[in-house]
Structure formats: structure tokens, C-alpha cells
Amino acid sequence: MDVASLRLNSGRRMPIIGMGTSEKKPHFPGSRSEMKEAVSEALRIGYRHFDCAFVYKNEAEVGEALKEAMESGQVLREDLFITTKLPPHYNDPALVREALDSSLKWLKLDYVDLYLIHVPFSIDREYLKAIGEEKMYQKPEEPDKFYTSMDHSKIWQGMEKLVDEGLVRSIGLSNFNQQQIQHVIDNCSIKPANLQVECHAYLPERELLNFCNQHKIVLTAFAPLGSPAFAKATCAGEPVLLEDPVVKKVGDKHKKSPAQVLLRWLIQRNICVLPKSVNKVRLKENFDVLDFALDEADVEEMNTLGTKNLRYFLYEPSEDSPDYPFPRSKAA
Ligand code: A2P
């Protein structure tokens, strides 16, 4: 792999820049996905790491772009690093294989490089089927029926089996808090290789990063740019990271954009970044962040932004779950 990479505790290497593939709206059948063209463009630019998920509903489009690139000889499978995630209504050791099989079918692959438990809260699959899958993102009317409380270490056993079967190269967690990760570590045969969480200059996650370093777990940042469209739509009144004057000032000094400064700041902390874009120019901009470095003064200035501790992705409808990973709001 010619892209800078981080070594996972499984011995595999993960490119430090990946493309996030979640779309602004969940891609239910009938809606148009822009993802195939964006992934093809990213492959031309040089991206080799793609971050997918069952719940993004667009793995088929991502898979088409990957297949075309491999069939035309543009890339080899072993040069790609593909991540996907177990959805919350399959958080059950008996269902893990079925969920992965669906993702592999849509992605048109026979293995993935990294498989993550997407969220710590578990949804009852039969109940969700009865009320409609689109309700997954809404506050449930009957939380006791909607959520199950599945022991994470039991789900993890299902994940470990996939490694043994050669269907996934490495396994990890996403959106878990430190206590939840520790519980998995205390009861596992294969240690989590990766933790994917929201992380950016307004939410630096210093303590969690230290914890991950101690356990040789690589941290991956989703929403590394602070997801401006999401922030504006759902966090009205909160500052928008990409518009922060400190970020702009540091960028002006290096003749780099605010997005490049934000990504570079994370990369210099050995955090893997997953910027999302469906725009050719911005895809390229987000990939070109390895030819400059922030100096000590820049880093110090960027670090001042972390006092905000601003989490944009609170998964508030899930506050009723016993496994909700963040401090609950007062209203809950
Ligand atoms: P677009 O797809 O139109 O480029 P995050 O990765 O933090 O979740 O942020 C993703 C959002 O940021 C997308 O809405 C994307 O919009 C926008 N975005 C991605 N790259 C850049 C960039 N380099 N500059 C400004 N906005 C960007």
C-alpha cells in the first residue's frame, strides 16, 4: 500500500485516510445514491480505504465501484482496505454471520478488512421488522420492546468466529465508551483492533485515545471535519468547526484549507480519518494532507479548541437504551 498507514494489533495495516460513505439521508430503496460515482472518483485520486456500513444502505453502490476498479485492473483486492459494520438489530452472536453475509453480498467481496460493532445499543430485530426499519432512527414508543440488552462480550464471540472463518481480517468497535470497551477486552480471545468514534478538534477525546493506546487499539475519527451539514441541521446555535477562525488562521499560514488543517491535526495524533465528500474537488483536497505538517505552535493553538468538548452525534433517540454510551441529557 503506498498510502500512509497504521498497524493494527492484528498485524494488518490500515491506510490512515479513508473515505466515509454514509450519506446525508439514509439511502432507502428508491432514493438516488451518489456513492458509486464518488467511490470511483476516490479510487482515481488514490483512496484505498473505504468505510461502509450495513445501515448506510448503499453498500451495493460502493461494491459496484470497487468491482469495476478491480475488474479493469485499476486496483488489486489486497491493496484495498474495506470496513463495514454490524447493524444494531443484528447485535446477537446468532445473527452476526447473517449480517456480514448480506454486507459481503452487497459489496461483492469475499472478505472485509475490518468489521465493527456499529453501536453498543441493541435493537430487537423482530420488533423492528414489525414497526418498519425506517423507525430505527426515531425515538421508540415502546423502548422496553425496542431495545434488547445483549451482553457485548457475547456479540464479540460472534465477531471472533468471523475472523476464525477467514471472512474478516480484523474486528473492532464503534461508538462504545471506555467502560464498554473494557468489558469486551476483559472477556475476549481476540482484542479489538480498532475503535471508531466521532473525533475532531472540538471533541479531541484525549482520555479515550490514551486508553486505546494503552490497549494497542487504533482510533479512527468519523466526522473529522465536524460534519458541517449535519451540525447546521441538527445542532443549531453550536459553532461550526470548519468555520472556526483558529482553523482558518492555521490554514492561511500553511496555504491549506480548514479541512486540510483539521485532518492533518488528527493524523499527527496517529488517528485514522474518514472524511466524507461526494465532490471531486473536496475528495482530492481531503486526500492531499500528507505533504505538510503542523508545528508545535499550530498544534497548541488547535488544542485550545478541544475545551468545547462538542459532540454533534449524540444518537439522542437511543437514550432509552440501557447501553446508551454517552452521558444522558437532563430531559431523558
Ligand atoms: P460534500 O459532500 O458536499 O463535500 P464529515 O466528514 O466531518 O462528516 O463532513 C462531511 C461533510 O463535509 C459533507 O457534507 C461534505 O460535503 C463536507 N465536506 C467534505 N470535505 C470538505 C472540504 N474539504 N471542505 C468543506 N466541506 C467539506
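Is methionine 14 buried or exposed? Methionine 14 is buried, with a relative accessible area of 0%; here buried means under 20% relative accessible area, exposed over 50%, and partly exposed in between, using a 1.4 Å probe and protein chains only. Please keep in mind that this is a predicted model, in which local features need pLDDT of at least 70 and side-chain atom pairs count only at pLDDT 80 or more, while totals for chains, interfaces and linings use all residues. Residues are numbered from 1 along each chain as its sequence is written, and side-chain values use heavy atoms, with hydrogens and water left out.

**Methionine 14 and its surroundings**

- Methionine 14 sits in strand E2 (residues 13–15); strands (E, at least two residues) and helices (H or I, at least four) are DSSP runs, numbered from the N terminus.
- Setting aside residues up to four places away in sequence, methionine 14 touches Ala4, Ser5, Leu6, Leu8, His49, Phe81, Leu114, Asn194, Val218, Thr220 and Cys272, where contact means heavy atoms within 4.5 Å.
- One of these partners, cysteine 272, is 258 residues away along the chain, yet its C-alpha atom is separated from that of methionine 14 by 8.3 Å.

**The nonpolar core**

- The largest nonpolar core has 104 residues, and Phe50, Tyr115 and Leu195 have the most contacts inside it.
- Helix H11 (residues 258–267) gives the most to this core, namely seven residues.
- By definition, such a core is a set of buried Ala, Val, Leu, Ile, Met, Phe, Trp, Tyr and Cys residues joined through side-chain atoms within 4.5 Å.
- As general background, nonpolar side chains tend to be buried together in soluble globular proteins.
- Tyrosine 115 is in touch with Thr84, Lys85, Leu86, Val96, Ala99, Leu100, Met159, Leu162, Val168, Ser170, Ile171 and Gly172, not counting residues up to four places away in sequence.

**The ligand and its shell**

- Around the ligand there are 17 residues, of which Leu225, Ser227, Lys276, Ser277 and Arg282 come nearest; a residue counts as near if one of its heavy atoms lies within 4 Å.
- Helix H12 (residues 280–287) supplies the largest share of this shell, three residues.
- Two polar contacts involve oxygen atoms of the ligand: a polar side-chain atom of lysine 276 lies 2.7 Å from one, and a backbone N or O atom of glycine 226 lies 3.3 Å from one.
- A polar contact is a pair of N or O atoms within 3.5 Å; within protein, one must be able to donate a hydrogen and the other to accept it, and residues adjacent in sequence count only if both atoms are side-chain atoms.
- Asparagine 286 offers a side-chain N or O atom that is 2.9 Å from a nitrogen atom of the ligand.
- On its own the ligand has 580 Å² of accessible area, and the protein covers 85% of it; these areas come from the Shrake-Rupley method with a 1.4 Å probe, and for residues only the protein chains shown count as cover.

**Serine 227 and alanine 231**

- Serine 227 is in the loop between strand E11 (218–222) and H9.
- With a relative accessible area of 11%, serine 227 is buried.
- Beyond its neighbours within four places in sequence, serine 227 is in contact with Lys276 and Phe313.
- Alanine 231 belongs to helix H9 (residues 228–234) and is buried, with a relative accessible area of 2%.
- Leaving aside neighbours within four places in sequence, alanine 231 contacts Gly226, Ala236 and Tyr312.

**The annotated tyrosine and the residue beside it**

- In an unreviewed entry, UniProt lists Tyr56 under "active site"; UniProt positions are given in the numbering used here, feature names are shortened, and annotations may be inferred rather than shown by experiment.
- Tyrosine 56 lies in the loop between strand E4 (49–51) and helix H2 (59–71), and counts as buried at 15% relative accessibility.
- Lysine 57 is also found in the loop between E4 and H2, but at 28% relative accessibility it counts as partly exposed.
- Although lysine 57 is not a glycine, it has a positive phi of about 65 degrees.

**Another positive phi**

- Asparagine 175 has a phi near 65 degrees, a positive value in a residue other than glycine.
- Asparagine 175 lies in the loop between strand E9 (168–174) and helix H7 (178–186), and counts as buried at 2% relative accessibility.
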